[in-house]
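Colleague: Could you take me through the spot where ligand 2 sits? I'd like a close look at what surrounds it and at the space it takes up.

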Amino acid sequence: MSKNLSELEAIYHLPFFDLITQSRKVFVAHWPENFVQLCSLLSVKTGGCTENCGYCSQSAHNKAETERKPLMLVDDVLPIARKAKENGATRFCMGAAWKGVQDGEDKFEQILDIVRAVRNLEIEVCVTLGELGEKEALRLKEAGVTAYNHNIDTSPDHYPNIVTTHSFEDRMQTIGSVQKAGLSVCCGGILGMGETETDRLKMLEVLCGFSPAPESVPINCLVPVEGTALQNCKPVDIFELVRMIATARIALPKTKIRLSAGRSSLSKEAQALCFYAGANSIFYGEHLLTTPNPGADEDMQLLNTLGLKPMASFSAASPA
Ligand code: SAM
Ligand code: DTB
Ligand code: SF4
């Protein structure tokens with residue numbers, strides 16, 4: 001049974017050490033201990049997006065100084081994917097800044113070529129291409145996509161304060177198409193966009209209601225980008241982040257919980273606490289899409305210090 005808002009609130013408000021003890025227990029019961037998924041990101045089409053997501057450096061509606069770049073060619077993507085694999089990444093995620101994709105468009109064919117080529121490297125492929133229907137999702141699956149990332153970002157109530165060019169319901173429809181095509185769903189959100197604690201837990205309630213449960217849930221902390229509507233938002237409190245991760249781990253035992261954007265602002269100790277509480281995936285490599293991420297060496301050092309090892313590609317939680 002998926003957890004509802006009041007159940008999530010009760011978990012979230014446990015005394016801190018009781019909460020992380022419980023989330024750790026759930027983690028250990030469902031996952032081989034000490035493995036972390038390493039996902040490398042590449043923006044294959046950057047900036048100039050028609051949508052007005054208030055957090056995003058790539059929206060054409062803001063004053064951010066993001067350099068626009070057209071859709072990359074397969075031959076330019078492949079060496080980057082190969083390098084990511086050599087550096088230990090187990091999933092390669094490609095993002096495009098546009099409203100969505102439609103079957104029949106040249107850009108969609110180009111994306112399918114990129115997917116096929118990256119998948120040939122024997123690495124998991126994730127894409128985040130905005131809105132799509134079932135036909136597009138099926139074609140992506142045939143081309144070798146493992147997971148589709150499409151975040152709900154915040155609660156249904158807060159969503160219209162952040163974006164108005166599309167609705168929360170539009171996001172849910174795309175997720176429905178991805179599920180129908182049998183692709184793994186990667187879906188999460190962002191903390192630190194002026195939302196309340198209830199918004200955060202309502203977002204988690206929506207994610208808990210997915211059937212099947214999301215394969216991965218990225219928990220991003222807002223990276224405040226100058227020129228965006230949310231540039232002055234306050235940083236997320238570390239204990240609120242850990243509580244959110246722990247609650248997500250308890251509510252979604254078999255889901256990979258990804259400590260995502262915002263990691264550059266976290267100390268090593270704060271990240272260790274997030275892993276203890278149940279995070280078992282990170283974005284790995286010195287860039288996210290348009291903003292920095294900790295360097296690969298720094299991350300490998302942290303994993304070594306903590307005795308954590310990279311998760312193999314195509315790993316899942318144990319059946320128990
Ligand atoms: N255009 C596609 C879409 O909207 O789904 C894919 C790219 S979009 C940049 C992917 C996700 O990155 C967003 O849904 C959001 O959760 C996250 N994101 C974007 N900008 C961010 C920021 N400044 N801080 C934290 N997360 C961010
Ligand atoms: C997700 O949840 N976070 C990633 C990925 N999915 C595509 C993106 C983070 C972007 C952070 C801001 C930037 O680099 O532009
Ligand atoms: Fe950014 Fe995606 Fe929104 Fe476009 S749709 S503004 S790329 S988050």
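**Around ligand 2**

Modeller: Let's start with Asn151: one of its polar side-chain atoms lies 2.8 Å from an oxygen atom of ligand 2. Keep in mind that this is a predicted model. Thr290 also brings in a polar side-chain atom, 2.6 Å from an oxygen atom of the ligand. With Leu289 it's the backbone that does the job, as a polar atom there is 3.0 Å from a ligand oxygen. Taken alone, ligand 2 exposes 410 Å², and the protein buries 86% of that.

Step back a bit and you'll find 13 residues surrounding the ligand, with Asn220 and Thr291 among the closest. That shell is made up of six nonpolar and seven polar residues, with no charged ones.

Now for the space itself. Ligand 2 takes up the largest cavity, which holds about 910 Å³. Its lining runs to 43 residues, and Asn151 and Leu289 turn up again here, among those nearest the centre along with Tyr55, Cys56 and Gln58. Strands β1 (35-45), β2 (91-96), β3 (124-128) and β7 (216-221) each give two or more residues to that lining. Unlike the ligand's shell, which has no charged residues, the cavity lining has seven of them, next to 22 nonpolar and 14 polar.

There's a second cavity too, of about 30 Å³. Val217, Pro218 and Ile219 are among the residues that line this one, and β7 again gives two or more residues, as do α8 (197-208) and α9 (238-251). Here the split is eight nonpolar, two polar and no charged residues.

Methods
Residues are numbered from 1 along each chain as its sequence is written. Chains are lettered from A and ligands numbered from 1 in the order in which they are written. This is a predicted model: local features need pLDDT of at least 70, side-chain atom pairs count only at pLDDT 80 or more; totals for chains, interfaces and linings use all residues. Side-chain values use heavy atoms; hydrogens and water are left out. A residue is near a molecule or strand if one of its heavy atoms lies within 4 Å of it. A polar contact is a pair of N or O atoms within 3.5 Å; within protein, one must be able to donate a hydrogen and the other to accept it, and residues adjacent in sequence count only if both atoms are side-chain atoms. Accessible areas come from the Shrake-Rupley method with a 1.4 Å probe; for residues, only the protein chains shown count as cover. On a 1 Å grid over the protein atoms alone, a cavity is a set of points where a 1.4 Å probe fits but cannot get out, and a pocket is an open set with protein on both sides within 12 Å along at least five of seven lines; lining residues have an atom within 4 Å of a point. A molecule sits in a cavity or pocket if more than half of its atoms lie within 2 Å of its grid points. Ala, Val, Leu, Ile, Met, Phe, Trp, Tyr, Cys and Pro count as nonpolar, Asp, Glu, Lys and Arg as charged, and the others, Gly among them, as polar. Grid points are joined across faces, edges and corners, and a volume is the space filled by probe spheres set on the points. Helices (H or I, at least four residues) and strands (E, at least two) are DSSP runs, numbered from the N terminus.
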